[in-house]
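Colleague: I'm new to this, so could you take me through one part of this model slowly? Pick a spot, tell me what sits around it, and then show me how it fits into the rest.

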Amino acid sequence: MNARTNNPPVHGVTPQSWGFAEDYVEMHENTRASRTAGVEMGLEPLSQGSVAALQFFARLTQARAIVEIGTGTGTSGLALYSGMSAQGILTSIDPEADRQASARKAFTAAGVLSRRIRLIAGTPLDILANLRDGAYDLVFVNGDKLEYVEYVAQALRLLRHGGVVIVNDMLWNNKVANAENEEDETVIIREALQSVSETEEFTPVLLPVGNGLLVAIKE
């Protein structure tokens, strides 16, 4: 998927303005602690703006059932939990049990009710295949980049009509917009972008938040 350069912005956003926007919504102390734990484990952290966006979309959709692909150390889970319905349940999948152990500590420290968080350690595509069609309000994708196309396909199946998929890292360190970059992960991310844009049931928008958030509503 080639970057479109024929419609340049009338007013470019400076790094200072971008940073101001990223920092606009304060990150909760517990979320910040889980983010720090992720950095210490060598994980790419979600930006403050991305955390705010996850909470916003969970609240906007009044989500009662969320699937998260990529638990990490709980940063995204805390954001989604804080935005979802008071009766909502978050199902979070990660192949690394040690990450989920760290996330569980973060959830406990934040006072998250254990009955509202379902942590599943295992291969995401295998677990997703066992989840019910059309049963979820929001799907957040932040797993293996090489499986992004498959994750998007699963999200389409899992979401109810009016549900939202959010896919992280869709600008991938400024590599996706560089047409000359043909690294495996970059190519797969472009394919995922194209898959969403070509799926009639999705109405998408690509947001320059953090490392890029693709958000699409299932019609």
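Modeller: Let's start with Lys145, which counts as buried at 8% relative accessibility. Buried means under 20% relative accessible area, exposed means over 50%, and partly exposed is in between, using a 1.4 Å probe and protein chains only. Before going on, you should know that this is a predicted model: local features need pLDDT of at least 70, side-chain atom pairs count only at pLDDT 80 or more, and totals for chains, interfaces and linings use all residues. Residues are numbered from 1 along each chain as its sequence is written, and side-chain values use heavy atoms, with hydrogens and water left out.

So where is Lys145 along the chain? Look in the loop between β4 (136-141) and α7 (148-158). Those labels are DSSP runs numbered from the N terminus: helices are H or I with at least four residues, and strands are E with at least two. Skipping residues up to four places away in sequence, Lys145 touches Asp169, Trp172, Glu185, Ile188 and Ile189. Touching, or contact, means heavy atoms within 4.5 Å.

One of those partners deserves a closer look. The side chains of Lys145 and Asp169 make a polar contact of 3.1 Å. A polar contact is a pair of N or O atoms within 3.5 Å; within protein, one must be able to donate a hydrogen and the other to accept it, and residues adjacent in sequence count only if both atoms are side-chain atoms. Asp169 is found in the loop between β5 (159-168) and α8, and with 5% relative accessibility it is buried too. Its backbone is worth a glance as well: phi of Asp169 is near 65°, a positive value in a residue other than glycine. Most residues other than glycine have a negative phi.

Keep following that loop between β5 and α8 and you reach Asn173. Here phi is near 55°, again positive in a residue that isn't glycine. Asn173 is partly exposed, with a relative accessible area of 38%.

The loop between β5 and α8 also holds Asn181. Asn181 is buried, at 11% relative accessible area. Leaving out neighbours within four places in sequence, Asn181 is in contact with Lys175, Thr186 and Arg190. With Thr186 there is a side-chain to side-chain polar contact of 3.1 Å. For a sense of scale, the C-alpha atoms of Asn181 and Phe20 are separated by 29 Å, and these two are 161 residues apart along the chain.

Now slide along to α8 itself, where you'll find Val196. Val196 is buried, with just 1% relative accessibility. Apart from neighbours within four places in sequence, Val196 is in contact with Val152, Phe202, Pro204, Leu214 and Ala216. The C-alpha atoms of Val196 and Val215 are separated by 9.5 Å, and the two residues are 19 apart along the chain.

After the helix, go to Thr199, in the loop between α8 (184-198) and β6 (202-207). Thr199 is buried, at 17% relative accessible area. A polar atom of the Thr199 side chain lies 2.6 Å from the backbone oxygen of Ser195.

You can see a similar kind of side-chain to backbone pairing at Thr75, in helix α4 (residues 75-83). There, a polar atom of the Thr75 side chain lies 3.2 Å from the backbone nitrogen of Arg35. Thr75 is buried at 8% relative accessible area, and, not counting residues up to four places away in sequence, it touches Thr31, Ser34, Arg35, Leu46 and Val51.

Finally, zoom out. The protein chain has 8 helices and 7 strands. Its radius of gyration is 17 Å, close to the 17 Å that the globule rule gives for 219 residues, so the chain is as compact as a globular protein of that length. That radius is taken over C-alpha atoms, and the rule is 2.2 Å times the number of residues to the power 0.38. Along its principal axes, the C-alpha trace spans about 50 × 40 × 30 Å. Buried residues like the ones we visited make up 47% of the 219 residues. And among contacts between residues at least 6 apart in sequence, 67% join residues at least 24 apart.
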